[in-house]
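Colleague: Could you take me through one part of this model slowly? I am new to this, so plain words would help.

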Amino acid sequence: MDDAQILARLEAVIAERRAGDPSASYVAKLNARGIGKIAQKVGEEATEVVIAALSGDKAELVGEAADLVFHLLVLLSAKGVALADVTAELQRREGVSGIAEKASRSS
Ligand SMILES: N=c1c2ncn([C@@H]3O[C@H](COP(=O)(O)OP(=O)(O)OP(=O)(O)O)[C@@H](O)[C@H]3O)c2ncn1[C@@H]1O[C@H](COP(=O)(O)O)[C@@H](O)[C@H]1O
């Protein structure tokens with residue numbers, strides 16, 4: 001399974017669990033606590049990534065990055081934003097920076 005498939009599968013599991021039983025599912029528990037709590041978790045996990053990048057080893061950074069990506073997917077799902085919307089925006093920027101690169105090479 002490649003990276004895109006793993007993220008797509010996680011996105012689907014998060015969507016399926018969102019309205020589930022908060023006592024049986026962490027995703028359902030977070031959603032039951034509301035968007036403020038989910039956003040707070042994303043902020044905390046982002047801070048932990050920064051700390052791991054500055055003072056941790058690679059394994060710590062990998063773990064914190066996984067926590068951040070997971071919580072970001074929970075946030076996007078709660079706001080009705082698909083991962084495909086994010087990758088489409090990244091692809092659009094790739095096109096924009098490709099044009100900028102060509103322009104700088106020809107000048
Ligand atoms: N990738 C993850 C994942 N990463 C981290 N976590 C959970 O995130 C929580 C983070 O711990 P914290 O101490 O920061 O948070 P907390 O203990 O809830 O405390 P609060 O800050 O919320 O008060 C832990 O309970 C981890 O288990 C995850 N929980 C679930 N997933 C994926 O989501 C899927 C669905 O999970 P459920 O909703 O639990 O079925 C799973 O199959 C996994 O693939």
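What pattern does the protein chain follow, read along the sequence? After that, please take a close look at helix α4 and its partners.

Modeller: Happy to! Keep in mind that this is a predicted model. Read along the sequence, the protein chain goes α-α-α-α-α. In total there are 5 helices and 0 strands. The radius of gyration of the chain is 17 Å, well over the 13 Å that the globule rule gives for 107 residues, so the chain is more spread out than a compact globule. Along the principal axes, its C-alpha atoms fill a box of roughly 60 × 35 × 30 Å.

Now to α4, which covers residues 58-78. Two packed helices are described by the angle between their axes and the distance between those axes. Let us try that with α3, residues 35-55: α3 and α4 pack at an angle of about 160 degrees, and their axes are 8 Å apart. Angles over 145 degrees count as roughly antiparallel, and α3 and α4 are therefore roughly antiparallel to each other. Their crossing is left-handed. On the α3 side, the residues that meet α4 include I35, I38, V42 and V49. On the α4 side, L61, L68, L72 and L75 are among those that meet α3. The residues of this contact divide into 15 nonpolar, 1 polar and 6 charged.

The other partner is α1, residues 3-17, which packs against α4 at an angle of about 55 degrees, with the axes 10 Å apart. That angle makes α1 oblique to α4. The crossing of α1 and α4 is right-handed. From α1, the contact is made by L10, E11, I14 and A15, and from α4 by F70, L73, V74 and S77. These residues divide into 6 nonpolar, 1 polar and 1 charged. Notice that V74 of α4 turns up in the contact with α1 and also in the contact with α3.

Finally, look at the ligand. It is surrounded by L10, V13, R17, S25, Y26, V27, A28, D67 and F70. At least two residues of this shell come from each of α1, α2 (26-33) and α4. The shell divides into 6 nonpolar, 1 polar and 2 charged residues. You have already met L10 and F70 in the contact between α1 and α4, and both are in the shell around the ligand too. D67 of α4 likewise meets α3 and is part of the shell.

Terms used:
Residues are numbered from 1 along each chain as its sequence is written. This is a predicted model: local features need pLDDT of at least 70, side-chain atom pairs count only at pLDDT 80 or more; totals for chains, interfaces and linings use all residues. Axes are lines fitted to C-alpha atoms, for helices over the stretch in contact, and angles run from 0 to 180 degrees between N-to-C directions. Helices (H or I, at least four residues) and strands (E, at least two) are DSSP runs, numbered from the N terminus. Angles under 35 degrees count as roughly parallel, over 145 as roughly antiparallel, 65 to 115 as roughly perpendicular and the rest as oblique. A crossing is left-handed if the near helix is turned anticlockwise from the far one by less than a right angle, and right-handed if clockwise. Two residues are in contact if their C-beta atoms, placed from the backbone, lie within 7 Å. Ala, Val, Leu, Ile, Met, Phe, Trp, Tyr, Cys and Pro count as nonpolar, Asp, Glu, Lys and Arg as charged, and the others, Gly among them, as polar. A residue is near a molecule or strand if its C-beta atom, placed from the backbone, lies within 6 Å of it. The radius of gyration is taken over C-alpha atoms; the globule rule is 2.2 Å times the number of residues to the power 0.38.
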